[in-house]
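Q: Could you take me on a close look at one part of this structure, a sheet, and then show me what else is worth seeing around it? I am new here, so please explain the terms as you go.

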Amino acid sequence: MEASFLIDMTKCIGCRGCQVACKQWNGNKTDQTTVGTKFTNPVKLNAKTYTNIDFFELEKDGKLTWDFARNGCFHCKKPACVSACPVSALTKTKEGSVIYNAERCIGCRYCMLGCPFNIPKSEWGKMFPKIHKCTFCHDRLVDNKVPSCAKTCPSGAILFMDGIDKNLKEARRRVTDNPGSYFNHIYGEKEAGGTSVLLLSSVPLDQIGYQKVGDAVIPDLTWKYIGGIPAVIGLVLAAGIGSWVITRRNKNMDKEDKS
Amino acid sequence: MKPAQNQIKLFTPATIALLLVIIYGAFTVMKKFTMGDIHTNLSDDFPWGIWIGFNVLGGVATAGGGFVIASAVYLLNMKKYKSIARPAILTAFIGYLLAASSIFLDLGHPFRIWHPVVMWQIQSVMFIVAIHVVLYTSVLALESSPMLLEKLKLEGLKNIVEKMMVGIALFGTLLSVLHQSSLGAVYLIVPYKLHTLWYSSTLPFSFLVSAVMMGLCMVSFLIILSSRFFKSPLNMDILTGLARGTLVTMAVYLALKTYILLSGPGLSAAFAGSMESRMYLLEMLAGVVIPLVLLLLPAVRNNLAGILLVDMLVICGVIINRLNVSIFGMLRQAEEMGVKYSPHQNEIVVSLFMIAVGALLYKLAVKYFNVLSYEDV
């Protein structure tokens, strides 16, 4: 299976059903809600909240519009967090999900630093904190079930398909068939080398809080260094042994001169 | 001649001050194990603070002198520096022990610190870093062991270690080159988070070169301090030699940093007037440009006070560089996520605790082992 979401924010009605379903399926406790300038609650993702709907009041053609963003893991094709983890606590499964094995984790939090979308979250204040993130409902995927957020979404904003290309085709069709309804950018098609979750919106994505993420495959950036290590080993050994031999010979010659 | 170390007093005002910092810090450190966690200002959008930026990145850079002097003495046969091999290696050993202790405190699961050694994940720079911390700390222990062995009168064992010293030094140099550079490589993973003034594919190389520069200055700095506090003999010839080494390394580093600036964000980025550009200028002026100009003057290079000033500038400059990469250069991205970071009091206390422990360990080693007055082969 190659699990994939096409999240269409133009269809989202902001009911937050996905948030609730996610909490229920993953058994995550509730968060203290806060009153602020936005309707978003909880305000940010955290170790207990794997997904949320972010509410934005924007102005379009002189009229006030309400636009939504859905935060959560994009399940990169080549995830930075998986490459960052020194102990393979994070893995990209053959189903397409990026999941976490708490038994291996040492708590270095390099996954949090490395993720371009700031998705992995830590249990701050706990003695032995775990990392938390959306699992793509991996336990449902292996059972051939649709992830709980997609299952629950009443307006069809979260389309689940087996195959990223199928969703990509559908995303392109929606953009071309409905001129003017979409901002012409499929978020996740190229971001961080491509992700399993694709996202469409009617407004420019930076206006609804999505990070500008380049096309580079992030694990390739660090692999450039790691892949060069054998050459560095050869170089240092050659230089070290070479200089030792040369300086030793000079020393011996000095001795001969003296004798 | 009676060794100078017998005259070192155990309790001096400076040592008592160190002990007070250590006792105060120990209460904070113990919170990790009694209260569950040491409260810090770290958060989901800013997961690494000064324990990584200052203690680990700074501490390991400080230790750069260990492999530079070891390879100069054992691989390049530069006899002149034999007398400072011990303090240089000891400094590196203490630096690594403290960096490892800081990682231990920073980890969420400190008792699983051994996991990377058995659960290899070669795609991870963090794995490379972890393996090198373990291996190089062991090598430094081995390189420092003759001091302990002669104290225990195990001359046979000491001779064996010293016979292998060339091989050990070579292995240590290899590990150091990889470890110093891999700490820079850690930040290759944040192309969109780290400010363009610092993000560059050459980060591993600039970390390595600056660690050599810092290491040379740290050794020189400690020799000067030791002569002041422990009345150890001072050899001006060695200090001038170290200063020359610093000068050459610094020229390479300046060229590299200039290339990074011009090929990346451009000269104007350094003068943009933002917080980042000011930190960048501070790092470059205090740590590179001013000491470079000073070292070009023979009057400074051959003068004790001049060398001491240059050492302090470079040490501060490289530490600022590490803080810029790990903290100041990352703040803007965190602010976009609505998060600010400045170290919590606990974080600062623990950092000071580590410095105090390091200084005390160095003093005790100098008092009880033959670190400074070691002269014959």
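A: Happily! Let us begin with the sheet: in chain A, 3 strands form an open sheet with mixed pairing, in the order E8-E1-E9. A word on how to read this: the model is predicted, so local features need pLDDT of at least 70 and side-chain atom pairs count only at pLDDT 80 or more, while totals for chains, interfaces and linings use all residues. Residues are numbered from 1 along each chain as its sequence is written, and chains are lettered from A and ligands numbered from 1 in the order in which they are written.

Strands (E, at least two residues) and helices (H or I, at least four) are DSSP runs, numbered from the N terminus. Two strands pair if DSSP finds at least two bridges between them. At the edges of the sheet are E8 (158-162) and E9 (197-200) of chain A, each pairing on one side only. Neighbouring strands here are turned by 20 degrees against each other on average, direction ignored; the axes are lines fitted to C-alpha atoms, for helices over the stretch in contact, and angles run from 0 to 180 degrees between N-to-C directions. Strand E1 (residues 3-8) of chain A pairs with E8(A) in the antiparallel sense over 5 bridges, and A:Leu6 stands opposite A:Leu159 in E8(A).

Now to the contact between the chains, which takes 52 residues from chain A and 43 residues from chain B. Two residues are in contact if their C-beta atoms, placed from the backbone, lie within 7 Å. On the side of chain A that touches chain B, H8(A) gives the most, with 12 residues.

Over in chain B, helix H1 (residues 13-34) has 22 residues and reaches 32 Å from its first C-alpha to its last, close to the 32 Å expected; the expected span is 1.5 Å times one less than the number of residues. H1(B) bends by about 25 degrees at B:Ala26, the bend being the angle between axes fitted to the seven residues ending there and the seven starting there. Its buried residues are B:Leu18, B:Gly25 and B:Thr28, and they pack against helix H16 (345-368) of chain B. A residue is buried if 20 or more other C-beta atoms lie within 10 Å of its own, exposed if 12 or fewer, and partly exposed in between, with C-beta atoms placed from the backbone. After H1(B) comes B:Gly36, whose phi is positive, near 105 degrees.

Finally, H8(B) is mostly covered, with 17 of its 21 residues buried.
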